[in-house]
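The following exercises concern a single protein model. Each task is followed by a solution that proceeds step by step.

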Amino acid sequence: MSHAAPVHSLWTLAADPPRDIPAPHIEYAQLAPTLIVLGVAVLGILVEAFLPRRARYHAQLLLSVVGLAAAFAAVVALAAGGHAGKKAQIAAMGAVAVDGPALFLQGTILLVSLIAVFTFAERRLDPAAHGNRVDSFAAQGSAVPGGEAEQTAVKAGFTTTEVFPLALFAVGGMLVFPAANDLLTLFVALEVFSLPLYVLCALARRQRLLSQESAVKYFLLGAFSSAFLLFGVALLYGYAGTVTYSGIAEVVSGTTRTVDPALASTMGNDALLLIGGALVLMGLLFKVGAVPFHMWTPDVYQGAPTPVTGFMAAATKVAGFGALLRLLYVVLPGMRWDWRPVMWGVAIVTMLLGAIVAVTQTDVKRLLAYSSIAHAGFILAGVIAASPDGVSSVLFYLAAYSFVTLGAFSVVTLVRDAGGEATHLSKWAGLGRRSPLVAAVFAVFLLAFAGIPLTSGFAGKFAVFKAAAQGGAGTLVIVGVLSSAIAAFFYVRVIVLMFFSEPKADGPTVAVPSVLTSTAIAVGVAVTVVLGVAPQYFLDLAGQAGTFVR
């Protein structure tokens, strides 16, 4: 026993007395929009668990709408309270920035999501199945397509109401993504909004196999892009010894004062910076659908339920470009000469490929997918401007583009035949004679995509190209205008097809939507026209919101 005693005393001496773990300091008011959305999403899961099946749909719809509206009110309150300007700050112990671009993008995402929730809840388009109204989502997500379980679920009138909390979790992640102020927060936010989207893509009621295939493609490619991003984060940490944006920016500019001795050997190694920055950029370019990371876009847009496609096309672009802007303008402004030539190449290829391949498409959803790739190229032109005007023009373009996209996909849900949505372009022939109003509304959205004056698309493109030209990227503007001309061809071709072709006898019918989808489409048209005719107020708003807190 006597031999054991000294060992025992050594053990007790070697351990330090326990220290208090510091409690995190969280600014709840500044993070209110995100916290409200995530809180309501958790409530939605409880609704799924405890409410009887009959009552869930209405409860979820009410919860989602109230939650998103409350979060938008919180964003407006923060902006009105000066957090977009003088009071801009880094909240949550350096993890999240509350500044002009973050609040502007969060407001846009919340408004878009609010309108998207209306399209999720639409139940008037399909004929009633067994006396029950049905929406765009599978009766039971876990059932094998075409199997007995699915038929039983359809007969029983089941509906997948989990899509509402899933969408809210995605929105919660999207709100954090453009505001993330360190690389780990960026990665966590990426996962939080990607995973619900993978699930939502697989839940189409019609063409379930196509839908599941699109979800698997999205999931696999998304997992790759997340891995690239995470590897880039690791390399940037090795380079700078920190994952905070400001810390990395200090090491890049050479103004850092403290060096961790454990990291002294790798700190300031430019190879780590260049490779790490490139990998993080790849992860973000994948999310916005820029070439060469665009391969998932057409398949996923075509296979996913159309309301989800609209939501994804509009909101993910806003979140992705927000994060890209913050990364390039806050973390890597000292590397402008390194990233600009690369982004030049990406933007040019993205604009041209998106526009040229879209000409060959025969499916409306794939056509809109390639058009969204081309638009990613146009927005990148504003990102490359690397000036305050560049930031504000990108913010304005994102706000304008997201509503046009949402409206266009809402219209696609209305054109139906016996097999569900009729997305083949040949079916749209003569739509203008059969249903002049729907065709006219779709024409407005197509003209906005093409950037015709007096639509929001023109104001957005003009702002982005002007900023790029002033930032010394004149060649990029010429390529952009050429791509717009190519793109205008296939938008106008669809309009000609709708108004100047004979309708086929066995053509599709246009479903009469409930007030939900009608509202979504009306808001899309209103925003498109208002931002096109009188864009100045909104351009000024984007201009005021264009400064990042560092």
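**Exercise 1. Burial of two aromatic residues**

Determine whether Phe177 is buried or exposed, and do likewise for Phe193.

Solution. The model is a predicted one. A residue counts as buried when its relative accessible area is under 20%. Phe177 has a relative accessibility of 1%, so Phe177 is buried. Phe193 has a relative accessibility of 0%, so Phe193 is buried.

**Exercise 2. Geometry of aromatic pairs**

State how many aromatic pairs the whole structure holds, and classify the pair of Phe177 and Phe193.

Solution. A search of the whole structure gives 18 aromatic pairs. In the pair of Phe177 and Phe193, the centres are 5.1 Å apart and the planes form an angle of 75°. An angle over 60 degrees counts as edge-to-face, and the pair is accordingly edge-to-face. Phe177 lies in the loop between α6 and α7, while Phe193 belongs to helix α7; 16 residues separate them.

**Exercise 3. A pair between two helices**

Classify the pair of Tyr301 and Phe409, and identify the parts of the chain that this pair ties together.

Solution. The ring centres of Tyr301 and Phe409 are 6.1 Å apart and their planes stand at 85°, so this pair is edge-to-face. Tyr301 is located in helix α11 (residues 296-303) and Phe409 in helix α15, so the pair ties together parts 108 residues apart in sequence. Tyr301 is buried, with a relative accessible area of 3%, and Phe409 is buried, with 2%. Both residues belong to a cluster linked by ring pairs, together with Tyr198, Tyr218, Phe219, Phe286 and Trp296.

**Exercise 4. The span of a helix**

Compare the expected span of helix α18 with the distance between its end C-alpha atoms, and name what covers its buried residues.

Solution. Helix α18 has 15 residues (456-470). The expected span is 1.5 Å times one less than the number of residues, which gives 21 Å for α18. The end C-alpha atoms of α18 are 21 Å apart, which agrees. Among the buried residues of α18 are Gly457, Val464 and Phe465. The elements covering the buried residues of α18 include α14, α15, α17, α19, α20 and α21. Just after α18, Gly472 has a positive phi of about 85°.

**Exercise 5. A nonpolar surface patch**

Identify the residues of the nonpolar patch on the surface, and describe the exposure of Leu46.

Solution. The patch consists of Val42, Leu43, Leu46 and Phe50, which together have about 400 Å² of accessible area. Leu46 is found in helix α2 (residues 32-50). With a relative accessible area of 42%, Leu46 is partly exposed.

Methods: Residues numbered from 1 in each chain as written. Predicted model: local features only at pLDDT ≥ 70, side-chain atom pairs only at ≥ 80, totals over all residues. Heavy atoms only, no water. Helix = DSSP H or I, 4+ residues; strand = E, 2+ residues; numbered from the N terminus. Buried < 20%, exposed > 50% of the residue type's maximum accessible area, 1.4 Å probe, protein only. Contact = heavy atoms within 4.5 Å. Patch = residues over 30% accessible without salt bridge, like charges linked within 9 Å, V, L, I, M, F, W, Y side chains within 5 Å. Areas by Shrake-Rupley, 256 points an atom, 1.4 Å probe, with all protein chains shown as cover. Salt bridge = Lys/Arg side-chain N within 4 Å of Asp/Glu carboxyl O. Phe/Tyr/Trp six-rings, centres within 6.5 Å; stacked < 30°, edge-to-face > 60°.
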